[in-house]
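Glad you could join me for a look at this protein chain. Shall we work through it by question and answer?

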Amino acid sequence: MTNVPSRVSIIVPVYNVENYLTKCLDSLVNQSLPDIEILVVNDGSKDRSEKIITEYAQKYPDKVKAFTKENGGLSDARNFGIDRATGDYIGFVDSDDYVTENMFEEMLLLAEKHHAKMVICNIQKVDENGKVTQKLTQLPNMPEKIILESNFSVFSDISYFACNKLFKKELFDRKRFKKGIHFEDIQLIPQLLLECDVIAQTQSFHYQYFERTDSITKTHTEKGLDMLKAVSDVEKVFRESPYASKQEELKNFQIFEGIYSFLAYLAFVKKEEIFYEMSEQLVLFMKERQIKIQDILKYSRFGKNYLLSLPLKKKIFYLLFFAGQKKLIRKLI
């Protein structure tokens with residue numbers, strides 16, 4: 001009996017990205033892994049995205065599957081793709097990003113070699129010329145094969161992007177991205193990790209995250225509170241998981257995703273009223289979880305004090321916030 005090769009389904013949600021879509025799809029149709037399907041979900045685009053998708057579906061009928069649906073947001077488009085994926089593994093690529101030629105081949109090999117339900121690669125931020133502006137190493141001190149029971153620090157160290165990971169499809173048997181929220185990755189991906197015994201990683205920088213100038217100036221609003229709600233959703237699942245006893249790692253997750261990441265967002269909230277309202281919600285979040293300022297200042301990631309590794313301006317912002325100096329903070333930002 002011959003082994004049937006595993007197939008990878010790559011889901012690409014598309015919304016008004018005519019200027020970036022070609023580069024993204026080129027990186028996928030030219031993957032070194034032969035047995036892939038690329039599910040391109042047009043989520044109600046109003047630009048030329050639909051025309052570009054049609055061209056690729058016609059040119060690569062064995063690889064590209066084109067779908068069009070009414071606009072429902074990123075989570076809805078990803079879920080639409082998951083429902084139609086036929087692969088043994090699922091990957092997600094945002095339509096303004098692109099990937100290296102051997103990304104999915106290497107990640108599939110690692111998944112099968114280590115019987116891992118989740119595989120992680122590193123990320124590079126790139127500009128419009130393809131120049132690397134920042135390298136985001138995910139788990140620098142960990143081996144290729146990570147047994148979670150004995151290396152559970154990854155639960156709080158990992159960055160919960162969906163797009164730099166390969167998932168065994170069965171992880172989505174009972175789980176989907178939550179619709180109508182921001183920070184849907186923080187809400188779902190930790191829940192998927194809790195269903196894994198083993199994960200694997202490569203130190204290759206396969207995922208090229210394009211930092212668009214039009215997204216840098218995006219409005220930061222009270223939608224940032226979705227981050228705290230996402231952490232709360234994860235906490236409920238954590239309590240029912242095989243790792244429920246690992247309370248220190250849960251607290252570190254709360255500190256990193258619920259406090260540091262939230263503060264990074266809060267720093268760009270322009271409206272003073274919303275800034276103060278969100279600040280009060282963060283203080284409440286900390287009180288409910290009995291997280292003290294001392295816990296936050298001592299928080300360690302990859303074995304180093306996280307606050308000390310931050311850029312000076314962020315460091316000052318965080319310290320002022322913890323000291324309750326909100327008027328000084330407003331001047332700083």
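What follows is a set of questions and answers on this predicted model, from the whole chain down to single residues.

Q: How does the radius of gyration of the chain stand against the globule rule, and what is its value?
A: Let's start with the overall fold, which has 13 helices and 14 strands. For 333 residues the globule rule gives 20 Å, and the chain comes close to that, so it is as compact as a globular protein of that length. The C-alpha trace spans about 60 × 45 × 35 Å along its principal axes. The radius of gyration itself is 20 Å.

Q: What share of the contacts in the chain with a separation of 6 or more comes from residues 24 or more positions apart?
A: Some background on burial helps here: buried residues make up 53% of the 333 residues. Among contacts with a separation of 6 or more, the share from residues 24 or more positions apart is 79%.

Q: How many residues of strand S2 are buried?
A: Strand S2 covers residues 36–43, and we can take its two sides in turn. On one side Ile-36, Ile-38, Val-40 and Asn-42 are buried, and on the other Glu-37, Leu-39, Val-41 and Asp-43 are buried too. Both faces are therefore covered, and the number of buried residues in S2 is eight of eight.

Q: Which residue of S2 is the bridge partner of Ser-9?
A: Strand S1 (residues 8–14) runs parallel to S2, and seven bridges join the two. Another residue group worth knowing is the salt-bridge network that links Arg-7, Asp-35, Glu-37 and Lys-65. One member of that network is also the bridge partner of Ser-9, namely Glu-37.

Q: Which side chain meets Asp-43 in a salt bridge?
A: The structure holds 22 salt bridges, and in this one the N to O distance is 2.6 Å. Asp-43 lies in strand S2 and its partner in strand S3 (residues 64–69), so the pair ties together parts that are 26 residues apart in sequence. Asp-43 is buried at a relative accessible area of 3%, and the partner is buried at 13%. That partner is Lys-69.

Q: How many residues apart in sequence are the parts that Arg-78 and Asp-185 tie together?
A: These two form a salt bridge, with their closest N and O atoms 2.6 Å apart. Arg-78 lies in helix H3 (residues 74–84) and Asp-185 in helix H6, so the pair ties together parts whose separation in sequence is 107 residues.

Q: Which residue forms a salt bridge with Arg-289?
A: The closest N and O atoms of this pair are 2.6 Å apart. Arg-289 lies in the loop between helix H10 (272–288) and helix H11 (293–297) and its partner in helix H8 (residues 226–239), so the pair ties together parts that are 54 residues apart in sequence. Both partners are buried, and the one asked for is Glu-235.

Q: How far from Lys-165 is the nearest side chain of opposite charge?
A: Lys-165, in strand S10 (residues 165–168), is buried yet has no salt bridge. Its side chain does have polar neighbours: the backbone oxygen of Ser-159 lies 2.8 Å from one of its polar atoms, and a polar contact of 2.8 Å joins it to the side chain of Asn-164. The nearest side chain of opposite charge belongs to Asp-185, at a distance of 7.2 Å.

Q: Is Lys-125 buried or exposed?
A: Lys-125 is found in strand S7 (residues 123–126), part of an open sheet of four strands with the order S5-S12-S7-S8. Its contacts include Val-132, Gln-134 and Tyr-209. Since the cut-off for burial is under 20% relative accessible area, its 18% makes Lys-125 count as buried.

Q: Is Asp-197 buried or exposed?
A: Asp-197 sits in the loop between helix H6 (184–193) and strand S11 (198–201). Asp-197 and Leu-148 are 49 residues apart in sequence, but 5.7 Å apart in space, C-alpha to C-alpha. Asp-197 also touches other residues, including Ile-146 and Tyr-243. With a relative accessibility of 55%, Asp-197 counts as exposed.

Methods. Residues numbered from 1 in each chain as written. Predicted model: local features only at pLDDT ≥ 70, side-chain atom pairs only at ≥ 80, totals over all residues. Heavy atoms only, no water. Buried < 20%, exposed > 50% of the residue type's maximum accessible area, 1.4 Å probe, protein only. Contact = heavy atoms within 4.5 Å. Pairing = 2+ DSSP bridges. Lys, Arg positive; Asp, Glu negative; His and termini not counted. Salt bridge = Lys/Arg side-chain N within 4 Å of Asp/Glu carboxyl O. Polar contact = N/O pair within 3.5 Å; in protein donor to acceptor, adjacent residues only side chain to side chain. Rg over C-alpha atoms; globule rule 2.2 N^0.38 Å. Lists of a residue's contacts leave out its neighbours within four places in sequence.
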